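Thanks, everyone, for making the time. I would like to walk through a few side-chain pairings and then turn to the surface, so please have a look at the model first.

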Amino acid sequence: MWVVSRPGGDVVFDWRLSRRHGEATSLLEGFQGILQSDGYEAYPAFVRANSGVTWVGCWAHARRHFHDARDSDAARSAESLTRIREFYRVEDDARDLITRQQLVGDAADVLRLQLRQERTRVKLADFAAWLEDQSPRVLPKSPIGQAIAYARRHWAALMRFTEHGFL
C-alpha cells in the first residue's frame, strides 16, 4: 500500500503489487515540490531524476533505527535518542509559543524557522560530529552501526527541515 498525502489536503491510498522503485516513479510522475519520506531509495532516486523536487528526510524514521538498537548498544542508543529528543523539544517549544501568541500561517512559520535556526541547527551539528566520531567505533552491520549509517547517509535530507518553517 502506497500512501501519499499533502498537508491539509487529500490522502491517496494506492495498492500496488510491489514496492519496486518504478512504482514510486509512476505514482509521483509529474510531481514538483517538497517530498518528505523515509530513506527508501526509491524516493531519493526520484528526487535525483526530477530537478523540481526537494527531498526532506523524516526524523521519526531515523529515530526508529536508534530506538531499535537499544537492546544491543544501550549507551549509544540512549545518547542518540536523547540528542534527537532535543530537536523534538524545540518543536514542542515552537508549538507552545505559536499557540500562546496565536500565530498562524507565515507568522507561525517564521517563528518556527527562527527557533530551528537558533537552537536546532547547533544541536544537529553536535549530533553530526558525534555520529562521525562513533561511526568507526561500531560494527557496521550492528543495529547501532546501521542507525548511524542511515542518519549519516541521509543527513542533508534530515537537515532540510531547518531551512523552512512550514516543514
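**Salt bridges and surface**

A search of the whole structure, which I should stress is a predicted model, finds 16 salt bridges, and I will take three of them in turn before coming to a network.

Let me begin with Arg48, which sits in helix α2, residues 42-49, and which forms a salt bridge with Glu41, the closest N and O atoms being 2.3 Å apart. Arg48 counts as exposed because its relative accessible area is 60%, whereas Glu41, at 33%, is partly exposed.

The next pair is Arg112 and Asp109, whose side chains meet in a salt bridge at 3.1 Å, N to O; the two residues are 3 apart in helix α5, and are therefore separated by about one helical turn. Asp109 is partly exposed, with a relative accessible area of 21%.

Then there is Arg137, whose side chain meets that of Asp133 in a salt bridge of 3.0 Å, N to O. Here Arg137 is exposed at 55% relative accessibility, while Asp133 is partly exposed at 34%. Elsewhere, salt bridges that share partners join Asp14, Arg16, Arg20 and Glu23 into one network.

Turning to the surface, which residues make the nonpolar surface patch of about 770 Å²? They are Met1, Val3, Val11, Phe13, Trp15 and Leu17. Of these, Leu17 lies in the loop between β2 (11-14) and α1 (21-28), and is exposed, with a relative accessible area of 81%.

Finally, Ser142, in the loop between α5 (105-134) and α6 (143-153), is buried at 17% relative accessibility, and its side chain reaches the backbone nitrogen of Gly145 at 3.0 Å.

Definitions and conventions: Residues are numbered from 1 along each chain as its sequence is written. This is a predicted model: local features need pLDDT of at least 70, side-chain atom pairs count only at pLDDT 80 or more; totals for chains, interfaces and linings use all residues. Side-chain values use heavy atoms; hydrogens and water are left out. Patches are made of residues with over 30% relative accessible area and no salt bridge: like charges are joined within 9 Å, nonpolar side chains (Val, Leu, Ile, Met, Phe, Trp, Tyr) within 5 Å. Accessible areas come from the Shrake-Rupley method with a 1.4 Å probe; for residues, only the protein chains shown count as cover. A salt bridge is a side-chain nitrogen of Lys or Arg within 4 Å of a carboxyl oxygen of Asp or Glu. Helices (H or I, at least four residues) and strands (E, at least two) are DSSP runs, numbered from the N terminus. Buried means under 20% relative accessible area, exposed over 50%, partly exposed in between (1.4 Å probe, protein chains only). A polar contact is a pair of N or O atoms within 3.5 Å; within protein, one must be able to donate a hydrogen and the other to accept it, and residues adjacent in sequence count only if both atoms are side-chain atoms.
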